[in-house]
Amino acid sequence: QVQLAESGGGLVQAGGSLRLSCVASGSIFRINAMEWHRQAPGKQREWVADIARGGTTDYADSVKGRFTISRDNAKNTMYLQMNSLKPEDAGVYYCTANIVLDTQISRIYWGQGTQVTVSY
């Protein structure tokens, strides 16, 4: 069994910062690409950023220059530093990862999400 657990969400004023974490646990052999997605009320889930195992990153235009994705492979953990937050950044943030199990089977896993609320 593999689980992804997000943390770090909360309420912040516009212009503020939050740092999200996503920890993977279980029978993990290797974690390949990891991603952050978010879903605002009444909207479809959208991709925010991703990071390859080697550290290559990519960002949605809406967060470029404000958010920074990173990971610690030794800790099976991914982070999302969010600065200059805007009300439109609010929503549930999900992490997802392509994980190779110790059985050598590769699967995509999703976390349960962490709520980010940005007030005016």
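These are my notebook entries on a few features I looked up in this predicted model.

**Entry 1: the disulfide**

I started with the cysteines. My search of the whole structure turned up 1 disulfide. The bond runs between Cys-22 and Cys-95, with 2.1 Å from S to S. What is its handedness, left or right? The torsion about the S-S bond of Cys-22 and Cys-95 is about 60°, so I noted the disulfide as right-handed. I then checked where the two ends sit. Cys-22 belongs to strand β3 (residues 18-26) and Cys-95 to strand β9 (residues 91-101), so the pair ties together parts that are 73 residues apart in sequence. Both ends are hidden from solvent by my criterion: Cys-22 is buried, and Cys-95 is buried too.

**Entry 2: salt bridges around Arg-38**

Next came the charged side chains. I found 4 salt bridges in the whole structure. Arg-38 caught my eye, so I followed its partners; this residue is buried, with a relative accessible area of 5%. One partner is Glu-46, at 2.6 Å from N to O. Glu-46 counts as partly exposed, because its relative accessibility is 35%, between the limits of 20% and 50%.

Another partner is Asp-89, which meets Arg-38 at 3.0 Å, N to O. This pair links distant parts of the chain: Asp-89 is in the loop between β8 and β9, while Arg-38 is in strand β4 (residues 28-39), 51 residues away. Here I have both partners down as buried, Asp-89 as well as Arg-38. Stepping back, I see a network of salt bridges that links Arg-38, Glu-46, Arg-66 and Asp-89.

**Entry 3: the Lys-64 pair**

I also looked at Lys-64, which forms a salt bridge with Asp-61; their closest N and O atoms are 3.2 Å apart. Is Asp-61 buried or exposed? With 66% relative accessibility, Asp-61 counts as exposed. Lys-64, at 48%, counts as partly exposed.

**Entry 4: the β7-β8 hairpin**

I moved on to strand β7 (residues 67-72) and asked which residues lie on its covered face. They are Phe-67, Ile-69 and Arg-71, while Thr-68, Ser-70 and Asp-72 make up the uncovered face. That fits the usual pattern: in a regular strand, side chains alternate between the two faces of the sheet.

The neighbour is strand β8 (residues 77-82), and β7 pairs with β8 in the antiparallel sense over 6 bridges. In this pairing Phe-67 stands opposite Met-82 of β8. The hairpin of β7 and β8 has 4 residues between its strands, and there I noted Asn-76 with a positive phi near 50°.

**Entry 5: the nonpolar core**

Met-82 led me inward. The largest nonpolar core has 31 residues, and those touching the most other members are Trp-36, Leu-80, Met-82, Tyr-93 and Ile-99. Which strands supply at least two residues each to this core? I listed β1 (2-7), β3, β4, β5 (46-51), β7, β8, β9 and β11 (114-119). Of these, β9 gives the most, with 5 residues. Nonpolar side chains tend to be buried together in soluble globular proteins.

Last, I listed the contacts of Met-82, leaving out residues up to four places away in sequence: Gly-16, Ser-17, Leu-18, Leu-20, Arg-66, Phe-67, Tyr-93 and Val-116. Phe-67 is thus a familiar name here, having already appeared opposite Met-82 in the hairpin. Arg-66 is familiar as well, as a member of the salt-bridge network with Arg-38.

Methods: Residues are numbered from 1 along each chain as its sequence is written. This is a predicted model: local features need pLDDT of at least 70, side-chain atom pairs count only at pLDDT 80 or more; totals for chains, interfaces and linings use all residues. Side-chain values use heavy atoms; hydrogens and water are left out. Buried means under 20% relative accessible area, exposed over 50%, partly exposed in between (1.4 Å probe, protein chains only). Two strands pair if DSSP finds at least two bridges between them. A disulfide is a pair of cysteine sulfur atoms within 2.5 Å. A nonpolar core is a set of buried Ala, Val, Leu, Ile, Met, Phe, Trp, Tyr and Cys residues joined through side-chain atoms within 4.5 Å. Contact means heavy atoms within 4.5 Å.
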